Amino acid sequence: MTPTLETKYVFTITAHIGEVISAGDTGAGVRRVIPVIGGTVKGEGISGRILPSGADFQIIRPNELIELEAKYAFETDDGAVVYVENFGIRFGPIELLQKLKRGEPVDPKLIYFRTRPRFETGHPNYQWLTQYLFIGSAARHKDRVVVDVHQVL
């Protein structure tokens, strides 16, 4: 019998972001740091606010593929603090990726932007976040990143 892979939507992370900080071309690509300054987490059985506590650390490769590593925290409405590490990639036609860099709108369906979030918390109501794998489908906007998080069953 072949094992199956299923997912279910659990919540949406809307991370508000600050101005891009660039360290320039480091030889491995262009290193960028983008502060995470707030936002929301909303879903069935979980909601809260993103704390101004981290950043997205990126490398832009010469072919415009972006490797992302975001680290931040959110606080649920009932007071739990959840630490997030979210690794991912964003890729698409170069002209559309350049539009995103300039802050111009691009249809998210035209950009491949997937993530692998991992969560840590000591709060007993949210231990399930530490016991499963999750994947995300994301979209970049001028002032925010929106990630629909799915639990891998």
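Reader: How much space lies in the largest pocket?

Author: About 220 Å³ of space lies there. Keep in mind that this is a predicted model.

Reader: How is empty space found at all?

Author: Rolling a probe the size of a water molecule over the atoms shows where empty space is left. In this structure, the largest pocket is one result.

Reader: Which residues line the largest pocket?

Author: One stretch of the lining is I17, G18, E19 and V20. R32 joins in, along with L100, K101, R102 and G103. R140, K142 and D143 complete the list.

Reader: How does that lining divide by class?

Author: Seven residues are charged, three are nonpolar and two are polar.

Reader: Now the closed spaces. How many cavities of 30 Å³ or more does a search of the whole structure find?

Author: Two. The largest cavity holds about 170 Å³ of space. The second largest has a volume of about 60 Å³.

Reader: Start with the largest cavity. Which lining residues lie nearest its centre?

Author: D56, A70, N86, V145 and V147 do. They belong to a lining of 16 residues.

Reader: Which strands supply at least two residues each to that lining?

Author: Go along the chain. β1 (7-17) and β3 (30-43) do. So do β5 (54-60), β6 (66-76) and β7 (81-91). β8 (112-120) and β10 (144-152) do as well.

Reader: And what classes of residue make up the lining of the largest cavity?

Author: There are 11 nonpolar residues, four polar ones and one charged one.

Reader: What lines the second largest cavity?

Author: R90, L100, V106, P108, I111, F113, A138, A139 and R140. Strand β9 (residues 133-140) gives the most, with three residues. By class, seven lining residues are nonpolar, two are charged and none is polar.

Reader: Let me turn to the packing. Which residues touch the most other members of the largest nonpolar core?

Author: That core has 33 residues. F11, I13, I50, F74, F119, L129 and V149 touch the most other members.

Reader: Take I50. What is I50 in contact with, leaving aside its neighbours within four places in sequence?

Author: I13, T14 and A15 form one group of partners. V36, G38, G39, T40 and V41 are further partners. Y72, A73 and F74 are also in contact with I50.

Reader: Next, T115. Is T115 buried or exposed?

Author: Compare its relative accessible area with the cut-off. T115 counts as buried because its relative accessible area is 10%, and buried means under 20%. T115 lies in strand β8.

Reader: What does the side chain of T115 join to by a polar contact?

Author: The side chain of N86, at 3.1 Å. Beyond four places in sequence, T115 is in contact with N86, F87, G88, I135, G136, A138 and V147.

Reader: What stands out in the phi of E64?

Author: The phi is positive, about 75 degrees, although E64 is not a glycine. E64 is found in the loop between β5 and β6. E64 is buried, with a relative accessible area of 11%.

Reader: Last, R144. Where is R144 found?

Author: In strand β10. R144 is partly exposed, with a relative accessible area of 28%. A polar contact of 2.8 Å joins its side chain to that of D143.

Reader: What else is R144 in contact with, leaving aside neighbours within four places in sequence?

Author: T14, A15, H16, I17 and A139. G27 is 117 residues from R144 along the chain, and their C-alpha atoms are separated by 28 Å.

Note on methods: Residues are numbered from 1 along each chain as its sequence is written. This is a predicted model: local features need pLDDT of at least 70, side-chain atom pairs count only at pLDDT 80 or more; totals for chains, interfaces and linings use all residues. Side-chain values use heavy atoms; hydrogens and water are left out. A nonpolar core is a set of buried Ala, Val, Leu, Ile, Met, Phe, Trp, Tyr and Cys residues joined through side-chain atoms within 4.5 Å. Buried means under 20% relative accessible area, exposed over 50%, partly exposed in between (1.4 Å probe, protein chains only). Contact means heavy atoms within 4.5 Å. On a 1 Å grid over the protein atoms alone, a cavity is a set of points where a 1.4 Å probe fits but cannot get out, and a pocket is an open set with protein on both sides within 12 Å along at least five of seven lines; lining residues have an atom within 4 Å of a point. Grid points are joined across faces, edges and corners, and a volume is the space filled by probe spheres set on the points. Ala, Val, Leu, Ile, Met, Phe, Trp, Tyr, Cys and Pro count as nonpolar, Asp, Glu, Lys and Arg as charged, and the others, Gly among them, as polar. Helices (H or I, at least four residues) and strands (E, at least two) are DSSP runs, numbered from the N terminus. A polar contact is a pair of N or O atoms within 3.5 Å; within protein, one must be able to donate a hydrogen and the other to accept it, and residues adjacent in sequence count only if both atoms are side-chain atoms.
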